[in-house]
Each structure stands twice: as structure tokens, then as C-alpha cells.
Amino acid sequence: MGTPPRRRGPSPGLGTLAAVGVRQISREQARRIAVRAQLLDLPRPGDLIEVVQQLSLVQIDPAAPIAPSAELVLWSRLGAAYRSADLQQALESRTLVELDGRIRPMEDVPAHLAGHEQWPPWDHAREWLRVNDPFRRDVLARLEEHGPLLSRDIPDTSVVPWPSSGWTNNRNVTQMLEFLVRKAEVAVSGRRGRQRLFDLAERVYPDQPTMPEEEAARVRDERRLAALGIARAKGAVMPGEPGHVGETGVPVTVEGVAGQWRVDPAALERDDADDFRGRAALLSPYDRLVYDRVRAQELFGFEYVLEVYKPASQRRWGYYALPILVGDRLVGKLDARAERKEGVLEVNAVHQDVAFDEETTSAVEAEIDALADWLGLARLR
């Protein structure tokens, strides 16, 4: 830890790009920019904090048929140098923090909590909070006295139950905690296994001034574009982190792709100046390089659907197939599963979207072996 970031912030020299016309870049350039921004080229980054600062977030997901998604994302960047204990230490030291189901740099928290006083935006939720204000005060008092606590350690003293047609119906403690996190009164302070620990926000977050909402939106867009390299200004609303970046960056068109994109100026300048050095990588289904499935199709020609919720007979690539990156191309999917009781990584199939040549086959096979070694499992072909 301590390796300086490979690049952060805007770069001079391209500020007048938009004024002289919209530049067109090739699809290959767009892919290189995206891969580099996600730290999936060579040389590998050497520091976990550097990785999370550049990616701006690492998504948490409970499914772990191979490894937890956040762990896969970090391993795919850092390789054998990554250790789970490093992530735990960064969270415990408050260098990183869990917010909205994502691990983020602590310095980004103010931009994501801007406008917290007005949360929630829905009238029915505001009314539920108003009626349940004694419940809210009970939760805060218990955390002040006993925190950090699991949700199950907090008694349900709700006046009115939370109504929902989904899984949150009558899950009153969980719903109250979620609202209080969004209102910056409570924060996730850590985990016990897969369960979140909650504490008062003032014990977790740094004492920083509130960021105005307009400034916060700009900062979020800038951070997102730096992490993605290239993105649409506007896009469809997706669950979780958006994939679009507003008017930040500079406009470009991509050869063979309709519409206009926004590109990070520093990434564009680097692509003009440097030779790209690609490598093979196995990606989490929640990896930011592939999370926006439309962008992956437009720039990489890569079709992907997470098939966890599909019946086995309808799966094309596997229960939890990992996208395969080689250089600046997404070339296939790995259908594998970690069978820890048997001590093996079971490889069911390597699906080739395009026929692998000898070099690609060798690189992908080496990465699968590296995954098995990192997991401490023997590879079962």
C-alpha cells in the first residue's frame, strides 16, 4: 500500500477539444480506454487502495459460487498479490467504507450523501418515518449505547409496519436502518460474516462539510467517467450505480456506433500517447467493465446475461459465468464453480464467443489456473 495512483484527475491540453468539433475514435480505441480505466491492462496495479480509488466503487453481492463478487473484482486487478485481509484492514481503518451495497473510498462519501436531509423522496415513506419517529429514536439510542450491532440485535418497536408487496414487507428494522443510512444518521461499520454491522454515522464517517447537491452530482459524474473511461451522457435508469455521466468529459463519436459518447480527457490523451499492453482477465458478472450490458454490446460486441435466476435448462453459459477479457476484447465466458468441500475449482466449460487461437487459449488457461491457485483449490477440468 502506498503506490501512487496511475492517474487521477483531468489532464490539461484537451480542454478545447469540444470547441473545434467532435472527434471520432475507433471502436478499438474506445475499448482500450475502457479497459485501461478499469485497470485491466498491464502493468497490474500494486495497491488495493489505488484500485478502489480508480474504480470509485466495488459492488458487493451475496452470491459466491466462485468467490464474492468484490473479491473477484479486486483479484482480477491485483492477481496473486490480493488478500482478503487487506480489504478487511482498509475497511476497519476507514480508508474504505461500505455504502449502498458498494465499497467506496471514504473521501467519496460526501458526494453520495448530498441531499440526505430530504431522504426519502417518496411521500408514503416519509409518512412511515414520521409515524415511526419513536422507533427511529429507539434505534439510534440502542446504537449509541451498544453499537455496532447487527440488525437482528435491534428490537422492532415500530408503531406501523413497513408495507410492501416484496421481500421488505414487515421487515421493519431492516427498512428503518436502510432509511437511516440514506439519511446519514446510521452507517455500515463493518461485517460479521455476510451480515452488516450498523453504528451511528458520526462514528464511521469523517467530519466533513455537507456538499451541495449540484456540486455532488458533478463530482459523481466526474468520478464515474474517470472509472469507466468512456460512457454515454444519458442512459436508461439501471438499479444501483448509473452508467451515464452527464456533460462531464469531452464528446466523441465511436466509429460504427450510433450516437455520441463522453470520454475522460486524461484517458483519451493517454491512448494517443501510449502503447496499450493487454492481458487476460476473468471478470465478476458485476464488474464495471461489463455491468452496463448495452455498453458492453456496443463497444465490445459482447452479449451477456447473468443466468443465476434461470432454470438450468435455459442457461447458455452457466449459473455464474465469468466474462473473459483478453487484451481489449471480451472473448467468452467461463462456467466454473468452487467446490470447497472437495477442494476443487470445477471447470464445466470455457465458452468461446470467437474461436481462440493458440495464444488466447494459453492466456485464458493460465488465468484459470491462477484463479484456482488464489482460491487454494485444485483445478478440476
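Is Asp-272 buried, partly exposed or exposed? In this predicted model, Asp-272 has a relative accessible area of 44%, so it counts as partly exposed. I start there because Asp-272 belongs to a salt bridge, and salt bridges are my opening topic.

The whole structure holds 31 salt bridges. I will go through three pairs and one network.

In the pair just mentioned, Asp-272 meets Arg-23, with the closest N and O atoms 2.8 Å apart. Asp-272 is in helix 11, residues 265–273, and Arg-23 is in strand 1, residues 23–25. That puts the partners 249 residues apart in the chain. Arg-23 is also partly exposed, at 23% relative accessible area.

Next, Glu-367 and Arg-44 form a salt bridge at 3.5 Å, N to O. Glu-367 sits in helix 14, residues 358–375, and Arg-44 in the loop between helix 1 (27–37) and helix 2 (48–55), so this pair ties together parts 323 residues apart in sequence. The two ends differ in burial: Glu-367 is buried at 8%, while Arg-44 is partly exposed at 30%.

The third pair is Glu-178 with Arg-196, whose closest N and O atoms are 2.7 Å apart. Here the partners are 18 residues apart, Glu-178 in helix 8 and Arg-196 in strand 7. Glu-178 is partly exposed, with 28% relative accessible area, and Arg-196 is partly exposed too, at 24%.

Then the network. Salt bridges link Glu-28, Arg-32, Arg-36, Asp-41, Arg-270, Asp-271 and Asp-274.

Now the pockets. Arg-196 comes up again here, as one of the residues nearest the centre of the largest pocket, together with Ile-60, Glu-98, Gly-101 and Arg-191. The volume of this pocket is about 1500 Å³, and its lining runs to 44 residues. Among the elements that give two or more residues to that lining are helix 3 (69–78), strand 3 (96–99) and strand 7 (195–200). Which element gives the most? Helix 8 does, with six residues. By class, the lining has 19 nonpolar, 12 polar and 13 charged residues.

The second largest pocket has a volume of about 500 Å³. It is lined by 22 residues, and those closest to its centre are Asp-100, His-112, Trp-119, Arg-182 and Arg-220. Strand 4, helix 5 (109–113) and helix 10 (213–228) each supply at least two lining residues. Helix 10 has the largest share, five residues. The classes here are seven nonpolar, six polar and nine charged.

Last, the rings. There are eight aromatic pairs. One of them, Trp-162 with Phe-179, is edge-to-face, at 5.5 Å centre to centre and 85 degrees between the planes. Trp-162 lies in the loop between strand 5 (149–150) and helix 8 (172–182), and Phe-179 in helix 8 itself, 17 residues apart. Trp-162 is buried at 9%, and Phe-179 is buried at 4%.

Phe-302 and Tyr-304 are stacked, because their planes are at 10 degrees, with ring centres 6.0 Å apart. Phe-302 is buried, at 1% relative accessible area, and Tyr-304 is buried at 5%. Elsewhere, ring pairs join Trp-75, Tyr-82 and Trp-374 into a cluster.

Two charges also sit over rings. Lys-333 lies over the face of Trp-317, 4.1 Å from the ring centre. The charged end of Arg-337 is placed over the ring of Tyr-319, at 5.1 Å from its centre.

Note on methods: Residues are numbered from 1 along each chain as its sequence is written. This is a predicted model: local features need pLDDT of at least 70, side-chain atom pairs count only at pLDDT 80 or more; totals for chains, interfaces and linings use all residues. Side-chain values use heavy atoms; hydrogens and water are left out. Rings of Phe, Tyr and Trp (its six-membered ring) pair if their centres lie within 6.5 Å; planes under 30 degrees apart count as stacked, over 60 as edge-to-face and the rest as tilted. Helices (H or I, at least four residues) and strands (E, at least two) are DSSP runs, numbered from the N terminus. Buried means under 20% relative accessible area, exposed over 50%, partly exposed in between (1.4 Å probe, protein chains only). A charge sits over a ring if NZ of Lys or CZ of Arg is within 6 Å of the ring centre and within 35 degrees of the ring normal. On a 1 Å grid over the protein atoms alone, a cavity is a set of points where a 1.4 Å probe fits but cannot get out, and a pocket is an open set with protein on both sides within 12 Å along at least five of seven lines; lining residues have an atom within 4 Å of a point. Grid points are joined across faces, edges and corners, and a volume is the space filled by probe spheres set on the points. Ala, Val, Leu, Ile, Met, Phe, Trp, Tyr, Cys and Pro count as nonpolar, Asp, Glu, Lys and Arg as charged, and the others, Gly among them, as polar. A salt bridge is a side-chain nitrogen of Lys or Arg within 4 Å of a carboxyl oxygen of Asp or Glu.
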